[in-house]
Amino acid sequence: MGRRDVPCGAQYANLQAVETMGVEPNTGNKTYRDAIYQLGTRDWANAFRVLDSAGAAAVADVLWGTTLPNTAIRKWCVALLDHHGDRTSVPVLRHLLSDSSPTVRRHAVHSIGCQRCKPEPLDCAVVDLLLDRIEHDPSPRVRRVAAHQLGCQPQEAHAAPTIARLLSTERSSRVRSVLTWTLRMHTRT
Ligand SMILES: [Zn+2]
C-alpha cells in the first residue's frame, strides 16, 4: 500500500498511542516517512537499510511507524528500535509488548531485552517486563524469546523464585527448556 492509498483518518492503528506517547503524527522527514511505508512492501529490505543507516536521525519517524496499522511496518520499526532505541523509545516499546500481532510482540520483547545492540541501555524495569510476558503472553514463541532475553539480563534477587514458579506452570516444552536455562543464569553464583 502506497502512502496515498492510506485512507485519511485510518492512518493510525492506535490513535491513543499516538496521543499518549507523544509520537508526532505527521511532521516527520519525508524520505524517512516514505521508507517507513516501503517497509510494508516487498522492497522492505532497501527501506530498512535506509532507516538503519540513518540511525538516531530517523528514530522519531520510526516511533511514528510503530503506530501504523500495517503489521509488517510495525515489526520492522520495532526491529529498528532494537538498534537505535533510546530513552524516548521506552514508552513505545512497552506499549508494543501488548501489540495485537505476536510477531510485533516478539520483536518488542527482543528490543526491550537486548542491550547489546543499543547505543545506551534502556532505562526501564526490563526483568519485570520480561517476567510479565512469560507469564501472560498467549504465544509460546513470544514467551520463549522473553525467557531467552531474561536469561541474558544481570541477576536480580526477585527474579529466580518467579522464574521457578513460571517453569512449574509453563505448558510448552520448548519454553520450559529455555526457562530451565534462564533459571540457571539467575541462580548461578
Ligand atoms: Zn538486539
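Two helices whose axes meet at an angle under 35 degrees count as roughly parallel, and this criterion is applied below to helix pairs in a model that is predicted. In that model, α5 and α7 pack at an angle of about 5°, with their axes 9 Å apart, and the two helices are therefore roughly parallel to each other. On the α5 side, the contact is formed by Thr-71, Arg-74, Lys-75, Val-78, Ala-79, Leu-81 and Asp-82, while α7 contributes Thr-103, Val-104, His-107, Ala-108, His-110 and Ser-111. By class, the residues of this contact between α5 and α7 divide into 5 nonpolar, 5 polar and 3 charged.

Helix α7 also packs with a second partner. The axes of α7, which spans residues 102–113, and of α9, which spans residues 140–151, come within 9 Å and cross at roughly 5°, so that α7 and α9 are likewise described as roughly parallel to each other. The residues of α7 that make this contact are Pro-102, Arg-105, Arg-106, Val-109, His-110 and Gly-113, and those of α9 are Arg-141, Val-142, Val-145, Ala-146, Gln-149 and Leu-150. The contact of α7 with α9 comprises 6 nonpolar, 3 polar and 3 charged residues.

These helix pairs belong to a protein chain that contains 11 helices and 0 strands. Of the 189 residues in the chain, 39% are buried. When contacts between residues at least 6 apart in sequence are considered, 66% of them join residues at least 24 apart.

In soluble globular proteins, nonpolar side chains tend to be buried together. In the present model, the largest nonpolar core has 46 residues, and those with the most contacts inside the core are Val-62, Cys-77, Ala-108, Val-109, Ile-112, Leu-130 and Ala-146. Helix α5, covering residues 71–84, supplies the largest share of this core, namely 7 residues. Because domain 1 (1–124) and domain 2 (126–189) both give residues to the core, the core lies between them.

Two of the core residues named above may be followed in greater detail. Ala-108, when residues up to four places away in sequence are not counted, touches Val-78, Leu-93, Leu-96, Leu-97 and Asp-99. Val-109 lies in helix α7 and is classed as buried because 29 other C-beta atoms are found within 10 Å, where 20 or more are required for that class. Leaving aside neighbours within four places in sequence, Val-109 is in contact with Leu-97, Leu-130, Arg-133, Val-142, Val-145, Ala-146 and Gln-149; among these, Val-142, Val-145, Ala-146 and Gln-149 are residues of α9 that take part in the contact with α7. Val-109 and Leu-93 are 16 residues apart in sequence, and their C-alpha atoms are 8.3 Å apart in space.

A residue of another class is provided by Arg-33, which lies in helix α2 (residues 30–38). Arg-33 is partly exposed, since 17 other C-beta atoms lie within 10 Å, a count that falls between the limit of 12 or fewer for exposed residues and that of 20 or more for buried ones. With residues up to four places away in sequence not counted, Arg-33 touches Gly-28 and Asp-61. The C-alpha atoms of Arg-33 and Gly-65 are separated by 8.0 Å, although the two residues are 32 residues apart along the chain.

Notes
Residues are numbered from 1 along each chain as its sequence is written. This is a predicted model: local features need pLDDT of at least 70, side-chain atom pairs count only at pLDDT 80 or more; totals for chains, interfaces and linings use all residues. A nonpolar core is a set of buried Ala, Val, Leu, Ile, Met, Phe, Trp, Tyr and Cys residues joined through C-beta atoms within 7 Å. Helices (H or I, at least four residues) and strands (E, at least two) are DSSP runs, numbered from the N terminus. Domain bounds come from an automatic or database domain assignment. Two residues are in contact if their C-beta atoms, placed from the backbone, lie within 7 Å. Axes are lines fitted to C-alpha atoms, for helices over the stretch in contact, and angles run from 0 to 180 degrees between N-to-C directions. Angles under 35 degrees count as roughly parallel, over 145 as roughly antiparallel, 65 to 115 as roughly perpendicular and the rest as oblique. Ala, Val, Leu, Ile, Met, Phe, Trp, Tyr, Cys and Pro count as nonpolar, Asp, Glu, Lys and Arg as charged, and the others, Gly among them, as polar.
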